[in-house]
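Hi everyone, thanks for having me. Today I'd like to walk you through one protein model, so please have it open in front of you.

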Amino acid sequence: MSWLGKLTQGLAKSTKRLADNITGLATGTLPLDEARLDEIEEALIAADLGPAVAARIRDRLADQKFAKGIDEAGIRMVVAEEVEKVLTPVALPLEIRHKPQVVLVVGVNGSGKTTTIAKLARLFKADGHKVMLAAGDTFRAAAIAQLTIWAERVGVPIVAGEQGGDAAGLAYEAVKRAQAEGIDVLIIDTAGRLQNKAGLMDELAKLKRVIAKLDPTAPHDVLLVLDASTGQNALSQIEVFRSVAGVTGLVMTKLDGSARGGMLVAAAETSRLPIHAIGVGEGMDDLQPFTPADFAAALVGRD
Ligand SMILES: Nc1nc2c(ncn2[C@@H]2O[C@H](COP(=O)(O)OP(=O)(O)OP(=O)(O)O)[C@@H](O)[C@H]2O)c(=O)[nH]1
Ligand SMILES: [Mg+2]
């Protein structure tokens, strides 16, 4: 299936949620009165687009040009246009601009960090870059094993140590090897224990400090992986990780099978951080940079 097909299929639940929320809101007295505009605005907030985007769409629907009426397809078109406007400045693929470029991947447990790393490695490798992975989540033995399996599957080298080992020390070794071996992109996995914010902060700060000894400009990217299905919680994760890790960009995963794809729009609107890629499945090829127009059309269910 094509990426666009996967995106559309993946967003099906989100599309349905949005459609269900606005169903019936276009019919009735015309022009759209305040009460109905309020209902539409609430429906858009309930579809996770965020209050600011919902308010802008409401303002547009209040325009005189809709005095003769608007149907549901018309509302969907206005929503798609606004969604595209929000996403256009932030839909930026991760660019390789250093050698080796050190990419640190952070996020809460289960958000999809390790899988995303494998998918990114696959994308970079396909673009002809030499990729290396580092198993910086030394907290769980399973995490090291999982990344090792992915490295084999994708066909890239991995630097891994013992469970319980020092993550910063491992990252240091990985950067050193990447420099020595002419690697283009080094992607470092990390543990995601958010329950202990102080511990997480210490570990990430130490990791960054240690690799900066080998390259003062590293890490070049700090990617926060967000699980779309966590809904509004994703917004607070952005705030926390921005302050503890200096996040430079986002990846949103699990847009497939979640009804909360609208979160991507709210995350873009509130954080203004680049959204480098989106995940619509568990396979190696299920992560891609995205085109705002395609995402917006898929979200509102428009061809
Ligand atoms: N459906 C779907 N599942 C995904 C996606 N990305 C990751 N997953 C699944 O989510 C689960 C957790 O992914 P991991 O990559 O292990 O997440 P993690 O952040 O590394 O988790 P920890 O190492 O426990 O902190 C796995 O079962 C993945 O297959 C996605 O885009 N779509
Ligand atoms: Mg992991």
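Let me begin with a definition: two strands pair if DSSP finds at least two bridges between them. Strands themselves are DSSP runs of E with at least two residues, helices are runs of H or I with at least four, and the numbering starts from the N terminus. A word on where things come from: this is a predicted model, in which local features need pLDDT of at least 70 and side-chain atom pairs count only at pLDDT 80 or more, while totals for chains, interfaces and linings use all residues. Residues are numbered from 1 along each chain as its sequence is written, chains are lettered from A and ligands numbered from 1 in the order in which they are written, and side-chain values use heavy atoms, with hydrogens and water left out.

Now to the sheet. Eight strands make up an open sheet with mixed pairing, in the order S3-S2-S4-S1-S5-S6-S7-S8. Its edge strands are S3 (158-159) and S8, each pairing on one side only.

Let's walk along part of it. Strand S5 (residues 221-227) runs parallel to S6, and five bridges join them. Within that pair, Val225 has Val251 as its bridge partner, and Leu226 has Met252. S5, helix H10 (residues 233-245) and S6 form a right-handed β-α-β unit; right-handed here means that, with the strands pointing away from the viewer, the path from the first strand over the helix to the second runs clockwise.

Next, S6 (residues 249-253) and S7 (275-279) are also parallel, over three bridges. Leu250 stands opposite Ile275, and Met252 stands opposite Ile278. Helix H11 (residues 263-271) joins S6 and S7 in another right-handed β-α-β unit. Then the sense changes: S7 pairs with S8 (residues 287-288) in the antiparallel sense over two bridges, where Ile278 faces Gln288.

Are the residues of S6 buried or exposed? Buried means under 20% relative accessible area, exposed over 50%, and partly exposed in between, using a 1.4 Å probe and protein chains only. Gly249, Val251 and Thr253 point one way from S6, Leu250 and Met252 point the other way, and all are buried. In S7, too, five of the five residues are buried, so S7 is largely enclosed by the rest of the structure.

On to the pockets. On a 1 Å grid over the protein atoms alone, a pocket is an open set of points with protein on both sides within 12 Å along at least five of seven lines, and lining residues have an atom within 4 Å of a point. The largest pocket holds about 470 Å³ of space. It has 24 lining residues, and the closest to its centre are Gly110, Ser111, Gly112, Lys113 and Thr115. Which helix gives the most to this lining? That is H6, with five residues.

Thr114 also sits in helix H6. At 9% relative accessibility, Thr114 counts as buried. Leaving out residues up to four places away in sequence, Thr114 touches Gln146, Leu147, Trp150 and Asp189, where contact means heavy atoms within 4.5 Å.

Finally, the second largest pocket has a volume of about 150 Å³. H6 and S7 each supply at least two residues of its lining, and H6 gives the most, with three. So our helix and our buried strand come together around this pocket.

Definitions and conventions: 1 Å grid on protein atoms, 1.4 Å probe; cavity = no way out; pocket = protein on both sides within 12 Å on 5 of 7 lines; lining within 4 Å. Points joined across faces, edges and corners; volume = space filled by probe spheres on them.
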